[in-house]
Amino acid sequence: MAQSTAAPAPSTQVAVAPLPLKVIAPWAVFFGVLMLVLLYFVGAEQGATAVLSGEEVHEWVHDARHLLGFPCH
């Protein structure tokens, strides 16, 4: 019985190019503004600062308000 010894496969390294700030900045600003809007609706959309009238937004985010520690009643 003949033994076959195969040479090990050469290892290849892939160089990962860093992303420039010009690519990341617009997305970071977009998600930052989106998070601030969500935080507003969860934490402050009620009473004198309300943008929308009625209690619909309050009812939709009621449990999230309690989970994040915002008092609401």
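# Aromatic rings, helices and a buried arginine

The structure holds 4 aromatic pairs, and since this is a predicted model, each of them is a feature of the prediction. One of these pairs joins Trp27 and Phe30, whose ring centres are 6.2 Å apart and whose planes stand at 90 degrees, so the pair is edge-to-face. The angle decides the label here, because planes over 60 degrees apart count as edge-to-face, whereas planes under 30 degrees apart count as stacked. Both residues belong to helix 1, where Trp27 and Phe30 are 3 residues apart, about one turn of the helix.

Trp27 has a second ring partner in Phe31, and this time the ring centres lie 6.1 Å apart with the planes at 25 degrees, so the pair is stacked. Phe31 also lies in helix 1 together with Trp27, and the two are 4 residues apart, which is again about one turn of the helix. Taken together, Trp27, Phe30 and Phe31 form one aromatic cluster. How far are these side chains open to the surroundings? Trp27 counts as exposed, because its relative accessibility is 55% and the limit for that word is over 50%. Phe30 has a relative accessible area of 47% and is therefore partly exposed, and Phe31, with 43%, is partly exposed as well.

From this cluster we can step back to the chain as a whole. The protein chain has 3 helices and 0 strands, and from the N terminus on its elements run α-α-α. The radius of gyration of the chain is 27 Å, well over the 11 Å that the globule rule gives for 73 residues, so the chain is more spread out than a compact globule. The box filled by the C-alpha atoms, taken along the principal axes, is roughly 85 × 40 × 20 Å. Of the 73 residues, 12% count as buried, and among the contacts with a separation of 6 or more, 17% are between residues 24 or more positions apart. The chain exposes about 6700 Å², and carbon and sulfur atoms supply 70% of that area.

Two distances help to give a sense of this layout. Ala25, which lies in helix 1, is 42 residues away from Leu67 in sequence, and the two are 30 Å apart in space, C-alpha to C-alpha. Ile24, also found in helix 1, is 12 residues from Thr12 in sequence, while their C-alpha atoms are 28 Å apart in space. Neither of the two helix residues is hidden from the surroundings to the degree that the word buried requires, because Ala25 is partly exposed with a relative accessible area of 30%, and Ile24 is partly exposed with 40%.

The next stop is helix 3, which covers residues 62–68 and includes Arg65. Is Arg65 buried or exposed? Its relative accessibility is 2%, so Arg65 counts as buried, the limit for buried being under 20%. The side chain of Arg65 reaches the backbone oxygen of Val42 at a distance of 2.9 Å. Beyond the residues up to four places away in sequence, Arg65 touches a list of residues that includes Val42, Gly43, Ala44, Glu45 and Gln46, and also His58, Phe70, Pro71 and Cys72. Since helix 1 spans residues 21–43, two members of that list, Val42 and Gly43, belong to helix 1.

His62 lies in helix 3 too, and with a relative accessible area of 18% it is buried, because the limit is under 20%. The side chain of His62 makes a polar contact with the side chain of His66, at 3.0 Å. Leaving aside neighbours within four places in sequence, His62 is in contact with Cys72 and His73, and Cys72 also appears among the residues touched by Arg65.

It remains to ask how confident the predictor is in this picture. The protein chain averages a pLDDT of 83, and 95% of the residues score at least 70. Among the elements of the chain, helix 1 (residues 21–43) has the highest mean pLDDT, at 92, and helix 2 (residues 56–60) has the lowest, at 80. The aromatic cluster of Trp27, Phe30 and Phe31 thus belongs to the helix with the highest mean value.

Technical notes:
Residues numbered from 1 in each chain as written. Heavy atoms only, no water. pLDDT = per-residue confidence, 0-100. Buried < 20%, exposed > 50% of the residue type's maximum accessible area, 1.4 Å probe, protein only. Polar contact = N/O pair within 3.5 Å; in protein donor to acceptor, adjacent residues only side chain to side chain. Contact = heavy atoms within 4.5 Å. Phe/Tyr/Trp six-rings, centres within 6.5 Å; stacked < 30°, edge-to-face > 60°. Rg over C-alpha atoms; globule rule 2.2 N^0.38 Å. Areas by Shrake-Rupley, 256 points an atom, 1.4 Å probe, with all protein chains shown as cover.
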